[in-house]
Structures are given as C-alpha cells and as structure tokens.
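User: I would like to go through this model and ask, for each term, what entitles us to use it. Please set the values against the definitions as we proceed.

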Amino acid sequence: MTPSADPSEETALARAMAAMAPAGVRTGCRLIHEGDEAHLLPAEAGSIPARQPAMRRASGAARWIAHRLLADVGFDGFALLRTPSGAPAWPEGITGSLAHDDDMAVAAVAPVAGIGSLGIDVEPTLPLPDDIFSLVAIPADRIGAADRQLAGRILFAAKEAVYKAAYPLDREVLGYEDIAVDLETGHATTRMRRKVSIAYCIAPRVVVLAFIAE
Ligand SMILES: CC(C)(COP(=O)(O)OP(=O)(O)OC[C@H]1O[C@@H](n2cnc3c(N)ncnc32)[C@H](O)[C@@H]1OP(=O)(O)O)[C@@H](O)C(=O)NCCC(=O)NCCS
C-alpha cells in the first residue's frame, strides 16, 4: 500500500459501488496491502504468470474480494483461475470481473440468470493526461453532463470495463477506438455491435461497472 492510500477510502468506495450497482450485482473493494499475494489459492497462483510482486499482490487482493463475494452466492473456496486470455474462469452460472489500480482492488459478481456478463474498472480520481485522452476518445463518445475534468478518466475506465464484459461473449480483442461510450444515457456499443450498459462513480475513486443483459 502506498503512503497516499487512506483506509477510509475503502469504506467510502464500498458504499459508492453498492449504490451504483444494478440489482443482483454484488461488489467489493480492498486497499492493496503488502502480502496480499498470499490470498491467491495455490491453483490461482499457478494460473497467474506475472512474476512482478506488485501484480501478484494486486491479483491476490482482487481474489480476496472475489472469494467473499462468491461464498455469498454459494461458491465457498472456489479457485478463480486466470485463463490464457487473461479473463478469470467464474463458476458455472456466475459472471464477474476484477480490476486493480496501484492502491485499490475491486470485484463484482452476479448470477447469469439476471446479467449475462459483467466488467469493472477502477482508476484514481485524476484527470487523464492529454496524450492518453487522444488515444482513448473517439468522436462517437458522448460525455454529457459528466465532470469535465474527469470525463477522460471515466471514458477510459468505461472502455476497459466494457471490454472485460464483452470479451467473454465475443472473444474479440478491442481497442479504445472500437468502443463508443455515451455517459449521458449510460450505454456503450462495441465494434461487434454488442450493447453494454454502464454505471459509474467518481469518488473516492473512478469505478465503472459494465453489464450486458442476459
Ligand atoms: C483486460 C485489460 C484491458 C485489463 O487492463 P489492465 O489495466 O491491465 O488491468 P485491470 O486492473 O484493469 O484489470 C485486470 C483484470 O482484468 C481481468 N481480465 C484480463 N483480461 C481479461 C479479458 N480478456 N476479459 C475479461 N477480463 C479480463 C483479469 O481479471 C485481471 O485481473 P487478474 O490479472 O488479477 O486476474 C487488459 O489486460 C487487456 O487485455 N488489454 C488488451 C485490449 C485493450 O487494452 N484494449 C483497450 C481497452 S478497450
């Protein structure tokens, strides 16, 4: 955990995520701590090729959340393996998603009876640098009434969350230019014509949840 990480952020973010999540979607967050790689179950540790300690720590923190969310829906002790594409292999009948920034991990799960596929992303609440904004934004994006300073950051997180929701269904690698996001209506469309709904919060972190109806 970096010195900038504030433990009260965890509580505030948990509340913000619960408030924006659609019915049936369970969410959680965790500040990433030294030693969080120990939360990887042995099979999970073997499925994750990353050797850098910070990446393994972040994956461990995200799985710590996912293990609890999965236990709540009847999958206690489930090993959430990383597949070769990078996407996690959720239990039969469950969809979910993981993300981490430098300090915070987040996860969301839902029964596929209500939501066909989920995606999530977390980002610091900071403006997106101009050079990255020009890579991420396309003319078809609509910012609506979103915070002007943070619109680029929200778009960035939305496209990553939409990609994570769409990939398990379409198996297509998408670039930022392949996803048009409308923050006003809360919808996005991919190059594959996949329609995705989005919800987001900006404080204390930018988190976007993307969900595709079953
Ligand atoms: C999925 C991807 C965008 C994640 O971005 P990231 O900034 O590296 O990491 P995040 O913290 O946001 O998310 C990481 C989690 O995403 C999940 N993930 C990775 N690949 C995934 C995929 N293809 N489908 C769904 N989820 C995926 C994993 O659970 C991963 O966590 P883990 O490594 O602990 O298991 C990236 O790994 C990727 O595949 N990029 C290629 C395509 C791309 O970047 N397009 C531009 C954005 S649309």
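User: Where in the chain is the place of Arg-193?

Analyst: Arg-193 is in the loop between strand 6 and strand 7. Helices (H or I, at least four residues) and strands (E, at least two) are DSSP runs, numbered from the N terminus. The model is a predicted one, in which local features need pLDDT of at least 70, side-chain atom pairs count only at pLDDT 80 or more, and totals for chains, interfaces and linings use all residues. Residues are numbered from 1 along each chain as its sequence is written, and side-chain values use heavy atoms, with hydrogens and water left out.

User: What makes the backbone of Arg-193 worth a remark?

Analyst: Its phi is positive, about 65°, although Arg-193 is not a glycine. Arg-171, in the loop between helix 5 and strand 5, also has a positive phi, of about 55°, and is not a glycine either. Most residues other than glycine have a negative phi, and most peptide bonds are trans.

User: Which residues does the cis peptide bond join?

Analyst: The cis bond joins Ala-203 and Pro-204, with omega at about 5°. Pro-204 is found in the loop between strand 7 and strand 8.

User: How do you know that strand 4 and strand 8 pair?

Analyst: Two strands pair if DSSP finds at least two bridges between them. Strand 4 and strand 8 (residues 206–213) are joined by 8 bridges and run antiparallel, so the criterion is met. Within this pair, Asp-121 stands opposite Val-208 of strand 8.

User: What is the order of the sheet of 5 strands, and which strands are its edges?

Analyst: The order is 4-8-7-6-5, in an open sheet with antiparallel pairing. Strand 4 (115–123) and strand 5 (179–182) are the edge strands, each pairing on one side only. From one strand to the next the twist averages 25°. Axes are lines fitted to C-alpha atoms, for helices over the stretch in contact, and angles run from 0 to 180 degrees between N-to-C directions.

User: Which helices meet this sheet, and at what angles?

Analyst: Helix 1 (residues 8–20) packs on the sheet, touching strand 4, strand 7 (195–201) and strand 8, and its direction makes about 145° with that of strand 7. Helix 5 (residues 151–170) lies across strand 4, strand 5, strand 6 (187–190), strand 7 and strand 8, at about 145° to strand 4.

User: Why are strand 1 and strand 2 said to stand at the edges of the other sheet?

Analyst: That open sheet has 3 strands in the order 1-3-2, with antiparallel pairing. Strand 1 (26–31) and strand 2 (94–100) each have a single partner strand, so one side of each is left without a neighbour in the sheet. Neighbouring strands here are turned by 10° against each other on average, direction ignored. Strand 1 is joined to strand 3 (residues 104–111) by 6 bridges, and the two run antiparallel; Arg-30 stands opposite Ala-105 in strand 3.

User: Which helices lie across these strands?

Analyst: Helix 1 lies across strand 1 and strand 3, at about 165° to strand 1. Helix 3 (residues 53–72) lies across strand 1, strand 2 and strand 3, at about 30° to strand 3.

User: What makes Ile-138 a residue in contact with others that are remote in sequence?

Analyst: Contact means heavy atoms within 4.5 Å. Leaving aside neighbours within four places in sequence, Ile-138 is in contact with Lys-159, Glu-177, Ile-179 and Ala-180. The C-alpha atoms of Ile-138 and Glu-177 are separated by 6.2 Å, with the two positions 39 residues apart along the chain. Ile-138 is in the loop between helix 4 (130–136) and helix 5.

User: How do you know that Leu-174 makes a polar contact with the ligand?

Analyst: A polar contact is a pair of N or O atoms within 3.5 Å; within protein, one must be able to donate a hydrogen and the other to accept it, and residues adjacent in sequence count only if both atoms are side-chain atoms. A backbone N or O atom of Leu-174 lies 2.7 Å from a nitrogen atom of the ligand, so the pair qualifies. For Gly-86, a backbone N or O atom lies 3.4 Å from a ligand nitrogen atom, and for Arg-63 a side-chain N or O atom is 3.0 Å from a ligand oxygen atom.
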